[in-house]
Amino acid sequence: MQAVEPNACYLPLWALAVAEHARGRGGALALIARDRSTPERLTGLMPVRWARQALSLPVPLLVSWNAYAPFSVPLLDRDNAEHAAGALIDAARAAGARALLLQSVATSGPAYAAIAAALAQRGLSGRVMRSYRRAGLDAQADAEATLRAALSIKKLKELRRQRNRLEDNGAVMFETASAPDRIGPALEAFLALEARGWKGHCGTALIQHPGDAAFIRQAAPALAARGQFEVVSLCRNGETLAAGLILRDRGRAFFFKIAMDENEARTSPGVQLTLDLTRHLCADPAVAFADSSADGEHPMIDHVWRERITIADVLIALSPRDPAATVIQALLSARYRAINFVKTLRRIRERLP
């Protein structure tokens, strides 16, 4: 199946490793669509979990599965996307769900357009429960022109000064590792660097949980062998100052994770890495667009990558005027309000002296 919209997070070598090892990601089911004339051929795939497992809500709600990255666009055959989308909706209803929650879908892409058309055909519609705009990069544009348009002359001058300070103790090199024999050392350097930073202090670094470490160590070399994974690094004298993990799928790159040496924070190694990554992706004819995979209003990437992708959580009632779906909507609305309240409190605390 050639999907109408790429999603590297649902590549089998990635998704199966997540499902097997990563914490909190097990138990995924699959809604599938088949070709009408050739039933053995898949035309649609949407990994899901029941809300009891995914959200701790005991309601007949199926939730699209998060494969360790905030992008859950289902795979729909590009030649018959609307039919595939409709078959997935029908499969959710046949499984006993009264509603379907699509988490982290790009609402401006062709996959969501096919879903919206299939819903309209059934007299249904989606309700946006949460949405935000996250950064992306038009990798077909000239990198230097993109950076000049995104950053002021003053900011570019400051970044050049910081790069010079980084090089006071040795030449700084941008390195890429995509060959299977190079992925292992580069990945281990990333994992160690991430664990030394704020994610390590919060207990959320990949290497701090055996399952998460096992997933990335299994997926990275397997995908690299297919040209679908790389580690990019900023190095000096054999030391990694910043590193990022990049997933690739048919013309689209996903900036999955970034880590940096926080002892060098005054010279912005994470920003320096992102500048070099921008040049790297724009110089690669195989990449048309890059998704930052970041939250909305990200304090760093939003100022460098100025394209925007609208990402939303969309609730679909699977039957018109279903009272069970109304209850599910009310429960989800309360959940999202609670999440927003906690985020607001966290931002206030961060600003306090």
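**A friendly note on this predicted model**

1. Let's begin with empty space inside the protein. The count comes to one cavity of 30 Å³ or more. Please keep in mind as you read that this is a predicted model. The largest cavity holds about 40 Å³ of space.

2. Which residues line the largest cavity? They are Met46, Pro74, Leu76, Ala85, Leu88, Ile89, Leu100, Leu102, Ile115 and Ile316. Sorted by character, the lining has ten nonpolar residues, no polar ones and no charged ones. Try picking them out in the structure above.

3. Now look at where that lining comes from. Helix 3 and strand 5 (99–106) are the elements that give two or more residues to the lining of the largest cavity. Helix 3 provides the largest share, three residues.

4. Next comes the nonpolar core. The largest one has 72 residues, and those touching the most other members are Trp14, Leu76, Leu100, Phe215, Ile216, Phe229 and Leu245. Helix 3 (residues 81–94) gives the largest share of this core, seven residues. Another core lies apart from it, with 31 residues, including Leu159, Ala242, Ile246 and Leu281. As general background, nonpolar side chains tend to be buried together in soluble globular proteins.

5. Leu76 is a good residue to click on. Leu76 is among the members of the largest core that touch the most others, and Leu76 also helps to line the largest cavity. Leaving aside neighbours within four places in sequence, Leu76 is in contact with Met1, Gln2, Ala3, Val4, Thr43, Ala81, Ala84, Ala85, Leu88, Ala111, Ala114 and Ile115. Of these partners, Ala85, Leu88 and Ile115 appear in the cavity lining too.

6. A word on cysteines. How many disulfides does the structure hold? The number is zero. A disulfide, in general, is a covalent bond between the sulfur atoms of two cysteines. Are Cys9 and Cys235 buried or exposed? Cys9 has a relative accessible area of 2%, so Cys9 is buried. Cys235 counts as buried because its relative accessibility is 9%, and the cut-off for buried is under 20%.

7. Finally, visit Glu307, which lies in strand 12 (residues 307–317). Glu307 counts as partly exposed because its relative accessibility is 40%. Not counting residues up to four places away in sequence, Glu307 touches Arg134, Ala135, Gly136, Leu137, Asp138 and Phe289. How far apart are Glu307 and Ala290 in space, C-alpha to C-alpha? The distance is 9.4 Å, and the two residues are 17 residues apart in sequence.

Conventions. Residues numbered from 1 in each chain as written. Predicted model: local features only at pLDDT ≥ 70, side-chain atom pairs only at ≥ 80, totals over all residues. Heavy atoms only, no water. Disulfide = S-S within 2.5 Å. Buried < 20%, exposed > 50% of the residue type's maximum accessible area, 1.4 Å probe, protein only. Core = buried A, V, L, I, M, F, W, Y, C linked by side-chain atoms within 4.5 Å. Helix = DSSP H or I, 4+ residues; strand = E, 2+ residues; numbered from the N terminus. Contact = heavy atoms within 4.5 Å. 1 Å grid on protein atoms, 1.4 Å probe; cavity = no way out; pocket = protein on both sides within 12 Å on 5 of 7 lines; lining within 4 Å. Points joined across faces, edges and corners; volume = space filled by probe spheres on them. Nonpolar A, V, L, I, M, F, W, Y, C, P; charged D, E, K, R; others polar.
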